[in-house]
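Biologist: Please give me a close look at a single part of this model, the metal site, and then follow the chain out from it.

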Amino acid sequence: MIHIENFVFNPFAENTYLLHDDTGEAVIIDPGCYDKQELAEITDYIEANGLKPVQIINTHAHIDHVLGIAALKRKYRIPFSLHALDEPLLKAVKSYASNYGFSSFDEPEIDTYLAEGDTVHFGNSSLKVIFVPGHAPGHIAFVNEDQRFVMGGDVLFHMSIGRTDLPGGDHNQLLSSIRSKLFTLPDDYTVYPGHMQLTTIGFEKKNNPFF
Ligand SMILES: [Zn+2]
Ligand SMILES: [Zn+2]
């Protein structure tokens, strides 16, 4: 049984997720923790629950999703994985971090690349990688069939979709990713987005104003 813990970090109110199962192994998705206090929030939770993080995986590499990667990598000595097409976005973060009020950016090394069809394992659990570009060129999402959820990043939100006015964004590609990859999942799948509250595939198919 996977437990999903949600932290809301940095001024962008970004959702960082920590997934762990009964074995105690955990994966961290999109760690956006920036200052010492935010970092302590997630590490205190990990310690209080006796968890063993095994990997950091990102849906994409916009600044609000990558601020805590380097610190957590160092603390737990675990690999970080990203889709190769988002590597240029990660490399660009340090050039614009100060424009958003972040005085420094600790750029993490990418250890392995993820692509559609890959599976991420932790404990007795696994997540399937799907490719959903548009908000970012290398945006991926993580699907769990047993518990019927998708960790969707900034692709599909409650009554909204990801913005596409950032470098590498492509509105038509985003709509097509949602139609062909997310809206083909069963209606009862829960979507854990990169911002704001949870939703379901069925609710968005019915109510999302972009479709
Ligand atoms: Zn984003
Ligand atoms: Zn975001």
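Modeller: I start with the metal site and then turn to the parts of the chain around it.

This is a predicted model, in which local features need pLDDT of at least 70 and side-chain atom pairs count only at pLDDT 80 or more, while totals for chains, interfaces and linings use all residues. Residues are numbered from 1 along each chain as its sequence is written, chains are lettered from A and ligands numbered from 1 in the order in which they are written, and side-chain values use heavy atoms, without hydrogens and water.

The zinc ion (ligand 1) has as its protein donors His60 (NE2), His62 (ND1), His135 (NE2) and Asp154 (OD), at 2.1 to 2.4 Å. Donors here are N, O and S atoms within 2.8 Å of the metal (3.2 Å for Na, K and Ca), and sites may look incomplete because water is not among the atoms. The angles among the four donor atoms of the zinc ion (ligand 1) run from 85 to 174°, and the site is irregular. That word covers anything that is not tetrahedral (four donors, all angles between 85 and 135 degrees), square planar (four) or octahedral (six), the last two with opposite donors over 155 degrees apart and all others between 65 and 115. The donor residues of the zinc ion (ligand 1) follow the spacing H-x1-H-x72-H-x18-D in sequence. Histidine 62 is in the loop between β4 (52-57) and α2 (63-66), and aspartate 154 is in the loop between β10 (149-153) and β11 (156-157); 92 residues separate the pair, which links distant parts of the chain. Helices (H or I, at least four residues) and strands (E, at least two) are DSSP runs, numbered from the N terminus.

The zinc ion (ligand 2) is bound by Asp64 (OD), His65 (NE2), Asp154 (OD) and His195 (NE2), its protein donors, at 2.0 to 2.3 Å. The site of the zinc ion (ligand 2) is irregular too, with angles of 87 to 159° among its four donor atoms. Its donor residues are spaced D-H-x88-D-x40-H. Histidine 65 belongs to helix α2 and histidine 195 to the loop between β13 and β14, so this pair ties together parts that are 130 residues apart in sequence.

Aspartate 154 coordinates both the zinc ion (ligand 1) and the zinc ion (ligand 2), which are 3.4 Å apart. Aspartate 154 counts as buried because its relative accessible area is 4%, where buried means under 20%, exposed over 50% and partly exposed in between (1.4 Å probe, protein chains only). Histidine 62, at 8% relative accessibility, is buried, and so are both histidine 65 and histidine 195.

Isoleucine 63 has its place in helix α2 and is buried, with a relative accessible area of 3%. Leaving out residues up to four places away in sequence, isoleucine 63 touches Phe12, Val93, Tyr96, Ala97 and Phe102, contact meaning heavy atoms within 4.5 Å. The C-alpha atom of isoleucine 63 is 31 Å from that of methionine 1, which lies 62 residues away along the chain.

The strands beside the loops of aspartate 154 and histidine 195 come next. An open sheet of six strands has the order β7-β8-β9-β10-β13-β14, with mixed pairing; two strands pair if DSSP finds at least two bridges between them. β7 (119-122) and β14 (199-200) each have a single partner strand, so one side of each has no neighbour in the sheet. Strand β9 (residues 140-144) runs antiparallel to β10 and is joined to it by three bridges; valine 143 has valine 150 of β10 as its bridge partner. On β10, four bridges lead to strand β13 (residues 190-193), and these two run parallel. Here glycine 153 is the bridge partner of proline 193 in β13. β13 pairs in turn with β14 in the antiparallel sense over two bridges, and threonine 190 stands opposite threonine 200 in β14. The hairpin of β13 and β14 has five residues between the strands, and methionine 196 takes a positive phi near 70° there.

At the start of the chain, β1 and strand β2 (residues 14-20) pair antiparallel over seven bridges, one partnership being valine 8 with asparagine 15 in β2. In this hairpin, which has four residues between the strands, asparagine 10 takes a positive phi near 60°.
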